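User: I'm new to this structure and would like a close look at a single part of it. Could you pick one spot, tell me about it, and then show me what lies around it?

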Amino acid sequence: MDEVDGTDGYADEAAALRTGLVREIEAGGGLTDPAWRAAFEEVPRHLFVPYYYEAGDAPAAAAPPDAGTGRAGEVGTAHGTVGYTRLWRDDPHPLRRARWLAGAYADAPLATRVRDGELITSSSQPSLMARMLQALRVRDGHRVLEIGAGTGYNAALLAHRLGDAHVTTLDLDPEITEAARNHLAAAGFRPAVVTGDGARGCPLRAPYDRIIATCAVASIPSAWLGQCRPDALILTPLATGLIALRVADAHHAEGHFLAVPAYFVPLRGSGPPPQVPTHGLPSRPLLDDSFRFLLNVAAGHLEPVEALALWEHEGRPGRERYGVTVRGERQWAWLDDPEGAYGWPLGPPGRLESFRGLSPGAP
């Protein structure tokens with residue numbers, strides 16, 4: 001967006017790049033819904049990522065003043081080992097500007113906010129965003145709450161599909177919500193952008209027909225269920241997967257994981273994810289994504305060697321065979337059947353003692 005006259009000097013080139021991105025996503029099996037295809041064709045992603053960072057060992061370029069680095073002109077490194085190179089819309093070098101624009105329409109996640117070498121926020125891979133949005137199964141008139149505003153791009157896609165009045169996006173960091181609000185306005189969208197704790201939802205704009213999170217949780221916040229209409233759908237990253245929960249009421253929900261893997265930063269304020277132990281395991285199964293998913297979903301409640309025995313005994317199950325059930329204060333992940341032989345409580349390991357009726361062991 002040209003800061004002098006308010007016009008977008010990249011509009012024509014960006015439109016061609018969006019067409020290519022949409023074709024790439026379609027070739028991979030995404031965007032089968034025409035309404036979501038139109039959203040990805042028409043919402044200008046580059047307006048939401050005026051700068052972003054590439055991880056690497058190269059020295060970092062000077063950052064814009066609002067880059068979330070602590071001070072202008074500097075990008076941090078994590079313990080002196082990981083550097084980030086900034087790509088910026090207003091870079092004086094034309095080749096670097098072209099690289100920035102091409103990257104904005106690559107089917108790849110973009111690191112958009114780095115603080116002291118730590119990734120704070122990112123813009124998700126567009127093909128994964130497309131799969132998540134289609135999995136929401138929205139209909140006209142649905143009200144959607146997004147947990148994790150990010151750049152505002154996902155909220156813009158939702159607003160394109162449903163209208164501004166039906167979309168609320170929430171983030172804990174006021175700098176993030178302010179930036180998202182500005183990006184959305186530049187692109188012509190004005191959904192509700194709220195600063196607040198994602199785990200508490202946004203009761204002032206409830207009830208919702210859909211809740212979508214773009215940050216990972218260790219368990220399902222009870223406030224989300226309480227702000228949903230009956231038969232609402234919650235889609236959230238959990239344990240390197242995406243769980244789609246159908247809400248019965250404020251205390252009950254259940255659903256399966258999608259088949260696609262998903263790696264998101266944790267919900268801010270929720271603490272670090274649990275450590276995933278691998279002691280005693282051979283290296284070969286650790287290369288298999290489906291086994292690593294089991295290690296994550298049962299982290300703290302299943303010994304690694306037990307997880308390996310279970311995984312092999314059950315035919316190396318993929319994510320789609322797992323699910324999550326919420327019943328009041330009890331939440332658990334399970335394989336094949338919520339009342340079957342294999343179930344693990346969600347949340348910290350200490351909850352294991354209060355969880356009864358499911359076996360955390362391997363066969």
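Analyst: Let's start at Leu119, which sits in strand β4. Keep in mind that this is a predicted model. Is Leu119 buried, exposed or partly exposed? With a relative accessible area of 31%, Leu119 is partly exposed, because that value lies between the 20% under which a residue is buried and the 50% over which it is exposed. Setting aside neighbours within four places in sequence, Leu119 is in contact with Tyr84, Ala111, Arg113 and Val265. Take Val265 from that list: 146 residues separate it from Leu119 in sequence, yet their C-alpha atoms are 8.2 Å apart in space. Contacts between residues far apart in sequence turn up across the protein chain: of the contacts with a separation of 6 or more, 59% are between residues 24 or more positions apart.

Val265 also leads us to the largest pocket, which has a volume of about 950 Å³. This pocket is lined by 43 residues, and those closest to its centre are Ser122, Thr214, Tyr263, Phe264 and Val265. Which strand gives the largest share of the lining? That is β4, with six residues. At least two lining residues also come from each of several other elements, including β3 (110–115), β5 (144–147), β6 (167–171) and the helices α4 and α5. Sorted by class, the lining has 23 nonpolar, 15 polar and five charged residues.

Next comes α4, one of the elements that help to line the pocket. This helix is mostly covered, as nine of its 11 residues are buried. They are Pro126, Ser127, Leu128, Met129, Ala130, Met132, Leu133, Ala135 and Leu136. These buried residues pack against the helices α1, α2 and α5 and against the strands β8 (208–213), β9 and β10.

Just past the end of α4 is Arg137, in the loop between α4 and β5. Arg137 has a phi near 55 degrees, a positive value in a residue other than glycine. Most residues other than glycine have a negative phi, and most peptide bonds are trans. At 59% relative accessibility, Arg137 counts as exposed, because the cut-off for exposed is over 50%. Leu31 makes a good partner for comparison. Its phi is also positive, near 55 degrees, and its place is in the loop between α1 and α2. Leu31, however, counts as buried at 3% relative accessibility.

Leu31 is in turn among the residues that Phe40 touches. Leaving out residues up to four places away in sequence, the full list for Phe40 is Arg18, Val22, Ile25, Leu31, Pro126, Met129, Ala130, Leu133, Tyr153 and Leu157. Which residues touch the most other members of the largest nonpolar core? Among its 49 residues, they are Phe40 and Leu157. This core draws at least two residues from each of α1 (11–27), α2 (34–42), α3 (94–104), α4 (126–136), α5 (153–162), β9 (228–238) and β10 (241–249). A second, separate core has 43 residues, and Leu145, Leu238, Val324 and Tyr342 are among them. In soluble globular proteins, nonpolar side chains tend to be buried together.

For another helix, look at α10, residues 304–313, where the buried residues are Pro304, Ala307, Leu308, Leu310 and Trp311. Why do they lie on the same side of α10? They cover an arc of only 165 degrees around the axis, and so they fall on the same side of the helix. An α-helix has 3.6 residues a turn, so residues three or four places apart point the same way. The buried residues of α10 pack against α8 (283–286), α9 (289–297), β13 (330–335) and β14 (343–345). After α10 comes Gly315, with a positive phi near 80 degrees.

One more backbone detail is at Pro207, in the loop between β7 (192–195) and β8. A cis peptide bond joins Ala206 to Pro207, with an omega of about 5 degrees.

Stepping back to the protein chain as a whole, there are 10 helices and 14 strands, and buried residues make up 50% of its 363 residues.

Key
Residues numbered from 1 in each chain as written. Predicted model: local features only at pLDDT ≥ 70, side-chain atom pairs only at ≥ 80, totals over all residues. Heavy atoms only, no water. Core = buried A, V, L, I, M, F, W, Y, C linked by side-chain atoms within 4.5 Å. Buried < 20%, exposed > 50% of the residue type's maximum accessible area, 1.4 Å probe, protein only. Helix = DSSP H or I, 4+ residues; strand = E, 2+ residues; numbered from the N terminus. Contact = heavy atoms within 4.5 Å. Arc of directions from axis to C-beta. 1 Å grid on protein atoms, 1.4 Å probe; cavity = no way out; pocket = protein on both sides within 12 Å on 5 of 7 lines; lining within 4 Å. Points joined across faces, edges and corners; volume = space filled by probe spheres on them. Nonpolar A, V, L, I, M, F, W, Y, C, P; charged D, E, K, R; others polar.
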